[in-house]
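Here's a quick briefing to read with the model open beside you. Take it one topic at a time and find each part as you go.

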Amino acid sequence: MKYRKLGRTGYEISEMGYGAWGIGGVQWLGGNDDESLAALRRAIELGLNFIDTALAYGTGHSEQLVGKVVREAGRRIYIATKVPPKNLLWPARPGVGIEQVFPYDYIIRSAETSLKNLDVDTIDLLQLHVWNPEWIARDEWRRGLEDLKRAGKVRLVGISINDHQPDSALGIIETGLIDTVQVIYNIFDQTPERKLFPLTMARNIGVIARVPLDEGSLTGTINEHTQFAPDDFRAGYFRGDRKKQVREHVESLVRDLGVETAALPAIALRFCLSHPAVSTVIPGMRTVRNGEANCRVPDEGPLPAETLAVLRRHAWDRNFYD
């Protein structure tokens, strides 16, 4: 395992982090707690020390599992979690006031609930789970995050940027009031490289790269015959002819790279880690096998320039979250 600074924070976090959405037991279906706990424990054995969860993941179930494993770990593990929008709308909607999404008292209550779920005294990183640049000048989020830090309940603060909207975070970064941003970044969505990453590097802001495998597209296992349970998040994400689109894009990508499809997940993760702005990448890992494979990726180092040049040609402008 290799480690990087999380921006200006001084935290030395593992390049491979753990995305804990999939272990919440809701939206991502098909896992079980025992297997998820075994995968997380194995990843920690292999050097992983950064876990990203959220109060909304299984209404706190993910946080509870994460807290259990971290308390058993016997070494420093950094936990990031998130305040869900009060109106439960992802992403944030233009024109919707912050009083409906992150009122001051709600931010405080959510953080305290997360502390109980995790069973820790302090949250290493608390993020707002959506963001709207219309809120920059408002007092609610500033005062809420600052008071939590002042009370010792939270060490660092950040935002999780709306799906495929990296530029929406430029203004809040300029305020100097946040320590990190979490953003979708993968072979298909390379847009953070244009404006967001140059600014985070200039301001020394930590970057958490989420959805590195495009919700499974970049594993190379999605095609027209792939079935998901009706309540599984992926049933909607890959609805209609989207699975066919994914297969065609992945086949083109693999052909252009000249590799076997099985090599694609590691290449996708290395793509994220090849950019110096990225502090850590947080794929989901619900099996020990996937955890072991992902934790080996940092040792392979950045992708060569010629491979990155090929991947640049495969950026794909679309939004399957709509």
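Helices and strands here are DSSP runs, with helices (H or I) having at least four residues and strands (E) at least two, and they're numbered from the N terminus. Keep in mind that this is a predicted model. We'll start with the sheet, then move on to a helix, some backbone oddities and the empty spaces.

**The sheet**
- Look for an open sheet of 8 strands, in the order β3-β4-β5-β6-β7-β8-β9-β10, with parallel pairing.
- At the edges sit β3 (18–19) and β10, each of which pairs on one side only.
- Strands β5 (residues 78–83) and β6 (residues 123–128) run parallel and are joined by 4 bridges.
- If you find Lys82, its bridge partner in β6 is Gln127.

**Strand β9 and its neighbours**
- Is strand β9 (residues 206–210) enclosed or open? All the evidence is in the burial count: 5 of its 5 residues are buried, so the rest of the structure largely encloses this strand.
- Buried means under 20% relative accessible area.
- In a regular strand, side chains alternate between the two faces of the sheet.
- You can see two sets in β9: Gly206, Ile208 and Arg210 point one way, while Val207 and Ala209 point the other way, and all are buried.
- On one pairing, β9 meets strand β8 (residues 180–184) in the parallel sense, over 5 bridges.
- Thr180 is the residue standing opposite Gly206 in β9.
- To get from β8 to β9, the chain passes through helix α6 (residues 196–203), and this β-α-β crossover is right-handed.
- β9 also runs parallel to strand β10 (residues 280–281), with 2 bridges joining them.
- In that pairing, Ala209 stands opposite Val281 in β10.

**Helix α9**
- Helix α9 (residues 264–273) has 9 of its 10 residues buried, so it too is largely enclosed by the rest of the structure.
- Its buried residues include Leu264, Ile267, Arg270, Phe271 and Cys272.
- What do the buried residues of α9 pack against? They pack against β1 (3–5), α8 (242–257), β10, α10 (288–296) and α11 (305–312).

**Backbone oddities**
- Trp90 and Pro91 are joined by a cis peptide bond, with omega at about -5°.
- You'll find Pro91 in the loop between β5 and α3 (104–118).
- Asp119 isn't a glycine, yet its phi is positive, at about 55°.
- Asp119 belongs to the loop between α3 and β6.
- Val211 isn't a glycine either, and has a positive phi of about 55°.
- This valine, Val211, lies in the loop between β9 and α7 (233–237).
- Is Val211 buried or exposed? Its relative accessibility is 13%, so Val211 counts as buried.

**Empty spaces**
- How many cavities of 30 Å³ or more does a search of the whole structure find? It finds 1.
- The largest cavity has a volume of about 30 Å³.
- Pro91, from the cis bond, is among its lining residues, along with Asn87, Arg93 and Trp135.
- By class, the lining of the largest cavity has 6 nonpolar residues, 1 polar and 1 charged.
- The second largest pocket holds about 240 Å³ of space.
- Residues lining that pocket include His164, Phe188, Asp189, Arg194, Trp316 and Asn319.
- The lining of the second largest pocket divides into 3 nonpolar, 4 polar and 5 charged residues.

Technical notes: Residues numbered from 1 in each chain as written. Predicted model: local features only at pLDDT ≥ 70, side-chain atom pairs only at ≥ 80, totals over all residues. Heavy atoms only, no water. 1 Å grid on protein atoms, 1.4 Å probe; cavity = no way out; pocket = protein on both sides within 12 Å on 5 of 7 lines; lining within 4 Å. Points joined across faces, edges and corners; volume = space filled by probe spheres on them. Nonpolar A, V, L, I, M, F, W, Y, C, P; charged D, E, K, R; others polar. Buried < 20%, exposed > 50% of the residue type's maximum accessible area, 1.4 Å probe, protein only. Pairing = 2+ DSSP bridges. Right-handed = clockwise from strand over helix to strand, strands pointing away. Contact = heavy atoms within 4.5 Å.
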